[in-house]
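Student: Could we go through this structure together? I would like to learn how the words used for it are justified.

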Number of protein chains: 2
Amino acid sequence: MAKVKKAPRPKAETPKGFRDYFGAEVTERTHMLQKIAGVYHHYGFEALESSAVETVEALGKFLPDVDRPNEGVFAWQEFDENDKGAWMALRYDLTAPLARVYAQHRNELPTPYRRFAMGPVWRNEKPGPGRFRQFYQCDADTVGTASMAADAEICAMLSDTLETVGIPRGDYLVRVNNRKVMNGVLEVMGLGDDQAARDNVLRTIDKFDKVGEAGVRELLTKGRLDASGAFIDGVGLSEDQAEPVLSFVLAKNRVLDRFASEMDTRTDTTSDDYRSMAHAWSVERGPLKSSKGTHTLASGTLLTNRTLGFLQELVGQSSQGREGVNELRELSDLLVAQGYGPDRIVIDPSVVRGLGYYTGPVYEAELTFEIFDEKGRKRQFGSVAGGGRYDDLVKRFTGQAVPATGVSIGVDRLLAALREKGRLTNTSVGPVVVTVMDRDRMADYQAMVSELRNAGIRAEVYLGNPKNFGNQLKYADKRNSPVAVIEGGDEKDRGVVQIKDLILGAQIAESATLEEWKERPSQFEVPRDQLVAKVREILEGQAD
Amino acid sequence: MAKVKKAPRPKAETPKGFRDYFGAEVTERTHMLQKIAGVYHHYGFEALESSAVETVEALGKFLPDVDRPNEGVFAWQEFDENDKGAWMALRYDLTAPLARVYAQHRNELPTPYRRFAMGPVWRNEKPGPGRFRQFYQCDADTVGTASMAADAEICAMLSDTLETVGIPRGDYLVRVNNRKVMNGVLEVMGLGDDQAARDNVLRTIDKFDKVGEAGVRELLTKGRLDASGAFIDGVGLSEDQAEPVLSFVLAKNRVLDRFASEMDTRTDTTSDDYRSMAHAWSVERGPLKSSKGTHTLASGTLLTNRTLGFLQELVGQSSQGREGVNELRELSDLLVAQGYGPDRIVIDPSVVRGLGYYTGPVYEAELTFEIFDEKGRKRQFGSVAGGGRYDDLVKRFTGQAVPATGVSIGVDRLLAALREKGRLTNTSVGPVVVTVMDRDRMADYQAMVSELRNAGIRAEVYLGNPKNFGNQLKYADKRNSPVAVIEGGDEKDRGVVQIKDLILGAQIAESATLEEWKERPSQFEVPRDQLVAKVREILEGQAD
């Protein structure tokens with residue numbers, strides 16, 4: 001190491017794109033992860049914590065012969081005298097490590113292997129507002145089975161998880177699609193083997209939320225002018241080719257459209273069939289929006305069946321397309337058998353999921369309640385989790401295809417949603433603060449704190465310089481303390497303590513002198529031996 | 001990026017020195033960390049999660065002008081066209097990041113700032129057996145107060161924490177020392193300003209556990225032959241200089257020695273003083289070892305007072321030494337006021353703690369029960385946590401000294417201890433497995449699983465290839481499942497299910513055929529609608 005020269009003071013800063021999390025931010029996340037882990041475990045999934053560091057080779061995005069693999073991941077070379085040390089990197093997700101773990105330990109692990117994992121992942125990307133280079137993921141995957149029952153289970157578990165962490169039924173939907181259906185549609189159009197066209201179409205459909213039906217139609221065909229006036233090239237399909245793609249994406253809507261067009265002329269308006277569809281229609285579209293949540297299993301199932309019938313028409317004779325439709329039907333049947341109807345989990349071909357590696361079912365959990373965005377416009381909260389089936393990840397290591405399916409929850413988005421809904425347990429209440437009036441009697445104050453703690457009350461003694469009492473109150477304020485305890489020489493002599501309800505007295509804490517402060521009705525004098533009882537009484541009052 | 005050539009299959013391996021944690025290994029640690037966080041929070045500490053990545057500059061071990069700072073930490077340079085990107089590194093502990101966080105956010109944080117943090121840290125060291133390059137730490141620190149009450153609080157909290165996670169009183173001791181006392185002893189010897197000698201002496205004392213009193217005496221003076229026959233140079237003190245150092249380290253023992261020497265000639269054998277010391281002596285040394293745990297506050301306190309008196313003699317007129325003794329006395333008094341006597345927290349000058357940055361009190365939690373080491377020899381389990389006061393870490397950033405004190409728990413050591421004592425809740429029981437006899441009736445099996453889950457029972461359906469029933473049983477075995485459920489066509493027709501107690505039947509699961517397996521008395525046939533009730537009954541029986 002080079003000789004150390006007198007260095008300037010280091011900057012007290014996180015690296016760009018990283019941040020620290022304080023107090024309730026940490027505990028709220030911890031509690032949420034615990035709840036999620038509880039659901040995953042209940043479903044038979046086992047915890048896995050792989051190392052944060054992987055070989056670049058195992059992560060699979062880069063090659064060791066690239067001089068400095070620093071695009072996308074944080075990577076470095078193990079020191080070696082001949083500069084031949086292995087390249088290592090921080091994991092960028094929890095799926096790539098799972099593939100490595102399964103390949104490494106497959107002889108000891110049960111098959112199928114259900115595992116969950118939660119923890120930070122790192123991306124070496126340009127940081128931006130609200131875009132961090134370290135963030136949490138929370139995944140559950142089943143490796144080693146091609147059964148649709150595995151996908152159904154993950155979707156059901158995702159639904160349970162959302163409800164367990166505090167998103168009520170009706171405020172979310174798990175939408176399910178299947179890549180094979182899309183591929184079937186493209187096959188029918190004669191684009192089945194055209195990987196580039198397929199990727200372009202997928203990428204275009206993914207913009208549906210932003211540009212709507214007309215926009216997607218333009219982008220699939222001749223291109224369009226975007227909001228800024230720039231021209232975006234189209235995929236180059238003909239109008240005839242674009243139509244089935246749009247029909248696919250809008251399949252559920254097209255079913256509802258068909259029903260709408262026949263609604264007025266149908267005569268069976270008292271039949272179960274009519275009433276089911278009318279109900280489904282009203283839930284999705286209608287002025288009967290208030291009936292949302294009463295959406296029944298039967299009405300939803302009928303909509304699902306019609307949507308699948310519609311998809312069946314679209315994929316025609318494409319064997320891959322038919323396989324996709326059958327998989328969706330199987331998945332839907334399994335879910336309904338377990339009581340998960342379209343009020344929770346719905347077949348919806350508009351779900352695309354960006355990632356290239358999905359090979360079958362894809363799913364996405366969306367929160368359907370409305371929030372105001374940064375520009376004050378109402379919009380749905382949107383996606384908080386997604387996943388799907390990927391059958392090729394383990395093959396990289398072993399040469400053998402291992403079918404797998406799994407979901408990843410965006411922990412920070414879900415926390416933001418819970419905050420939005422006021423569903424987070426308030427973990428930010430501070431401790432009871434025992435103030436220090438006489439620094440020579442610290443042992444007395446510590447004894448009070450011990451009594452409070454032993455009674456199950458979160459408490460601490462003020463450990464700063466006790467000279468300025470105002471600072472002690474400011475401290476209690478900053479700590480969000482519910483109660484302060486005071487015992488000056490006078491109180492000591494009389495065998496009493498002062499107990500201050502800080503929630504009541506919060507508004508004056510900043511400016512009051514000790515004398516003013518003592519006069520407030522939010523302060524109580526009790527005998528020393530009633531300290532714990534009185535504090536508990538105040539805390540219980542505050543909790544009401 | 002260079003053109004990708006057809007790469008050979010990647011190796012499915014963690015990088016050297018890293019490992020994966022499975023199932024109960026993860027959940028046991030999670031549960032322990034939750035319990036520890038509970039105690040820390042109860043004491044008024046707030047959670048902090050800093051980023052895993054820091055600038056090398058902030059970590060402070062290396063300089064950016066060193067070409068490749070890869071000794072001790074995992075570091076890399078941020079990409080920059082001019083090769084002037086910042087060096088970043090993975091944190092190697094939780095204390096250096098705390099100093100950075102406090103310096104960065106000191107205006108918003110309360111002072112004093114009590115915080116706890118838990119998470120992995122990384123060391124770029126040569127891996128060895130049981131020595132990993134990623135491991136967990138679990139820290140609590142108080143920043144911004146020089147009060148001994150802060151140190152006392154941390155020691156008390158450490159004691160509470162150990163009992164909360166399952167180490168009973170009597171099986172651990174928190175030992176407390178003070179660096180200033182050692183410095184005082186060296187000052188008296190005329191070595192007060194000799195930093196190198198001081199470090200050498202500290203390093204030598206730290207070997208006390210290994211080489212004993214005679215060995216330390218040799219190492220402090222002329223050196224010694226170690227077990228392998230190699231000669232280890234001594235520090236070069238004279239015998240006269242070595243004596244006070246040994247007296248310091250052995251202060252508590254010397255007090256007991258003095259008492260032993262006068263025991264036979266003293267006539268006040270019924271006095272409180274005599275009986276206290278006799279009791280303390282017997283606890284530390286004696287044939288009365290069985291009275292361990294009855295060690296009273298009074299007897300321990302007397303021993304503490306005598307030890308402090310002895311240290312007082314050793315440091316003579318050294319102001320730093322006297323300050324150290326006074327700090328120890330204050331700390332001890334505060335702890336006794338809170339009810340933490342020497343049966344839990346003891347003044348013991350033999351505690352050194354390696355790290356250079358400690359400036360006052362140092363403390364260490366030791367587990368005192370005996371285990372057998374890898375060579376079959378009995379030994380005490382040893383240290384599981386340690387810490388102390390460090391007053392200069394924040395100064396690097398701000399120029400202002402900020403007093404701080406804190407503790408770090410070695411999570412993996414503590415888990416090993418709990419495993420040793422059989423104190424871990426058994427989290428490795430697997431889920432109930434619903435087997436698949438007829439793959440077309442997967443929906444039926446999923447419905448069973450849903451019923452079980454809704455009743456609070458961890459359950460899953462077998463998702464592998466159902467053709468070979470033996471594989472399903474092997475799977476249940478590997479999953480450590482307590483119960484398996486079977487419903488073949490016959491059972492379906494008769495409206496019943498078979499429920500198998502796998503704990504009872506475990507010994508035959510490997511080899512039995514389906515027919516043999518059904519005949520065992522550990523298997524029960526019940527009507528389908530009694531599935532949940534019967535499974536619950538079996539699980540409750542197993543838990544007894």
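Tutor: Gladly! Let us start with a definition: contact means heavy atoms within 4.5 Å. Keep in mind that this is a predicted model.

Student: How do you know that the copies meet through the same surface?

Tutor: Look at the interface residues of chain B: 100% of them are also interface residues in chain A, so the two copies meet through the same surface.

Student: What makes the relation between chain B and chain A that of a two-fold axis?

Tutor: A rotation of 180 degrees superposes chain B on chain A, with 0.0 Å of shift along the axis and an RMSD of 0.1 Å. That is the relation of a two-fold axis. In chain B, the C-alpha nearest the axis belongs to Trp76(B), 2.8 Å from it.

Student: Why is the pair Arg29(B) and Asp412(B) called a salt bridge?

Tutor: The rule asks for a side-chain nitrogen of Lys or Arg within 4 Å of a carboxyl oxygen of Asp or Glu. The closest N and O atoms of Arg29(B) and Asp412(B) are 3.8 Å apart, so the pair meets the rule. This pair links distant parts of the chain: Arg29(B) sits in helix 1 (residues 24-42) of chain B and Asp412(B) in helix 14 (residues 411-420) of chain B, 383 residues apart.

Student: Why is Arg29(B) called buried, and why does Asp412(B) count as partly exposed?

Tutor: Buried means under 20% relative accessible area, exposed means over 50%, and partly exposed is in between. Arg29(B) has 3%, so it counts as buried. Asp412(B) has 29%, so it counts as partly exposed.

Student: What makes Glu243(B) and Arg217(B) a salt bridge, and which parts does the pair tie together?

Tutor: Their closest N and O atoms are 2.9 Å apart, which is within 4 Å, so the name fits. Glu243(B) lies in helix 8 (residues 239-249) of chain B and Arg217(B) in helix 7 (residues 208-220) of chain B, so the pair ties together parts that are 26 residues apart in sequence. Glu243(B), at 30% relative accessibility, counts as partly exposed, and Arg217(B), at 22%, also counts as partly exposed.

Student: How many salt bridges does the rule give over all chains?

Tutor: The count comes to 80. Another of these salt bridges joins the side chains of Glu262(A) and Arg266(A), at 2.6 Å from N to O. Glu262(A) is partly exposed, with a relative accessible area of 28%.

Note on methods
Residues are numbered from 1 along each chain as its sequence is written. Chains are lettered from A and ligands numbered from 1 in the order in which they are written. This is a predicted model: local features need pLDDT of at least 70, side-chain atom pairs count only at pLDDT 80 or more; totals for chains, interfaces and linings use all residues. Side-chain values use heavy atoms; hydrogens and water are left out. Copies are superposed by least squares on the C-alpha atoms of residues with pLDDT of at least 70 in both. Buried means under 20% relative accessible area, exposed over 50%, partly exposed in between (1.4 Å probe, protein chains only). Helices (H or I, at least four residues) and strands (E, at least two) are DSSP runs, numbered from the N terminus.
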